[in-house]
Amino acid sequence: MNRLFTIYIKAIIVLIFFSTCNNIESRPKEEQDIDAHNRLKQKANEAITYCENNNYNTDFCILIDMRIHSGKNRMFVWNFKTKDIDRQALCAHGCGKGDKLSTEAKPVFSNTEGSLCSSLGKYKLGIRSYSQWGINVHYKMHGLEKTNSNAYKRIIVFHSHTPLPDKEIYPKHLPMGWSFGCPVTSNEMMKYMDKKLQNSKKPTLMWIYY
């Protein structure tokens, strides 16, 4: 009897453990949205401190939450003055390859050259240059942390891609293959960002997080 009771208790513990470790996409949408907003505000608070201490643009930054469903807006232009979102858009993650293969629902992150993965961390947006994709404009990206230090060598740049929608497509995901590690957004978002970045007199911070 005691042995059966012990087995029963262990089974309950296992069920409780797995129920609390569910994938984020299985949780109610409202909870996911609240968590994402809280992460955004926390990163924004950390971002303004970083920008002030490092002589970066203190008008706005770009925050990208890769934990958000790829069919939902997860790129945010955060206004440091109003402490709110100026604009938001979809953003593709790197498709990866080999043992670092991403899926539509689950991005895999890597700083390794040739991985085709997105890299987490803070970036300084560099010079404006020609792109063969989207509106034919891209911005160089300089990784500022160990997790993205190879970004420039990997030719990770901020650009758009014409097929990428300007509106959310949730519950569908963005297709894989539109990004080889770059934060890729819609043409409309890129046009908006291009104007803002050209008018910025100081380097602008982009922060990709999960």
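## The main nonpolar core

In this predicted model, the largest nonpolar core has 29 residues, and the ones that touch the most other members are Ile62, Ile64, Met141, Phe158, Met193 and Met206. Quite a few elements chip in: strand 1, strand 2, strand 4, strand 5 (137-143), strand 6 (157-160), helix 3 and strand 8 each bring at least two residues to this core. Helix 3 gives the largest share, with 4 residues. As a rule, nonpolar side chains in soluble globular proteins tend to be buried together.

Take Ile62 as a way in. Leaving aside residues up to four places away in sequence, Ile62 touches Met75, Phe76, Leu125, Phe158, Met193, Leu205, Met206 and Trp207. There is also another core, apart from the largest one, with 15 residues; among them are Ala36, Ala47, Cys61 and Phe76.

## Strand 8, covered on both sides

Strand 8 (residues 204-209) is mostly covered, with 6 of its 6 residues buried. Thr204, Met206 and Ile208 point one way from the strand, while Leu205, Trp207 and Tyr209 point the other way, and all are buried. That fits the general pattern: side chains in a regular strand alternate between the two faces of the sheet.

What does strand 8 pair with? Strand 1 runs parallel to strand 8, and 4 bridges join the two. Strand 4 pairs with strand 8 in the antiparallel sense, over 5 bridges. Trp207 is a handy residue to click on here: Trp207 is the bridge partner of Leu63, and Lys122 stands opposite Trp207 as well.

## Salt bridges across the chain

How many salt bridges does the structure hold? The count is 7, and a few of them are worth a look. One of them pairs Lys72 with Asp33, with the closest N and O atoms 2.7 Å apart. Lys72 sits in the loop between strand 1 (60-65) and strand 2 (75-79), and Asp33 in helix 2 (residues 29-53), so this pair ties together parts 39 residues apart in sequence. The two ends are covered to unlike degrees: Lys72 counts as buried because its relative accessibility is 9%, whereas Asp33, at 31%, counts as partly exposed.

Asp59 and Lys81 also meet through their side chains in a salt bridge, at 3.9 Å from N to O. Asp59 belongs to the loop between helix 2 and strand 1, and Lys81 to the loop between strand 2 and strand 3 (84-89), so parts that are 22 residues apart in sequence get tied together. Asp59 is partly exposed at 43% relative accessibility, and Lys81 is exposed, with a relative accessible area of 57%.

## Helix 3 meets strand 4

Which residue does Asp194 form a salt bridge with? The partner is Arg128, and the closest N and O atoms are 2.8 Å apart. This pair links distant parts of the chain, since Asp194 is in helix 3 (residues 187-198) and Arg128 in strand 4 (residues 121-130), 66 residues apart.

Is Asp194 buried or exposed? Asp194 counts as buried, because its relative accessibility of 8% falls under the 20% cut-off. Arg128, at 42% relative accessibility, counts as partly exposed. Both elements turn up elsewhere in this report: helix 3 and strand 4 each supply at least two residues of the largest core, and strand 4 pairs with strand 8.

Conventions. Residues are numbered from 1 along each chain as its sequence is written. This is a predicted model: local features need pLDDT of at least 70, side-chain atom pairs count only at pLDDT 80 or more; totals for chains, interfaces and linings use all residues. Side-chain values use heavy atoms; hydrogens and water are left out. A salt bridge is a side-chain nitrogen of Lys or Arg within 4 Å of a carboxyl oxygen of Asp or Glu. Buried means under 20% relative accessible area, exposed over 50%, partly exposed in between (1.4 Å probe, protein chains only). Two strands pair if DSSP finds at least two bridges between them. A nonpolar core is a set of buried Ala, Val, Leu, Ile, Met, Phe, Trp, Tyr and Cys residues joined through side-chain atoms within 4.5 Å. Contact means heavy atoms within 4.5 Å.
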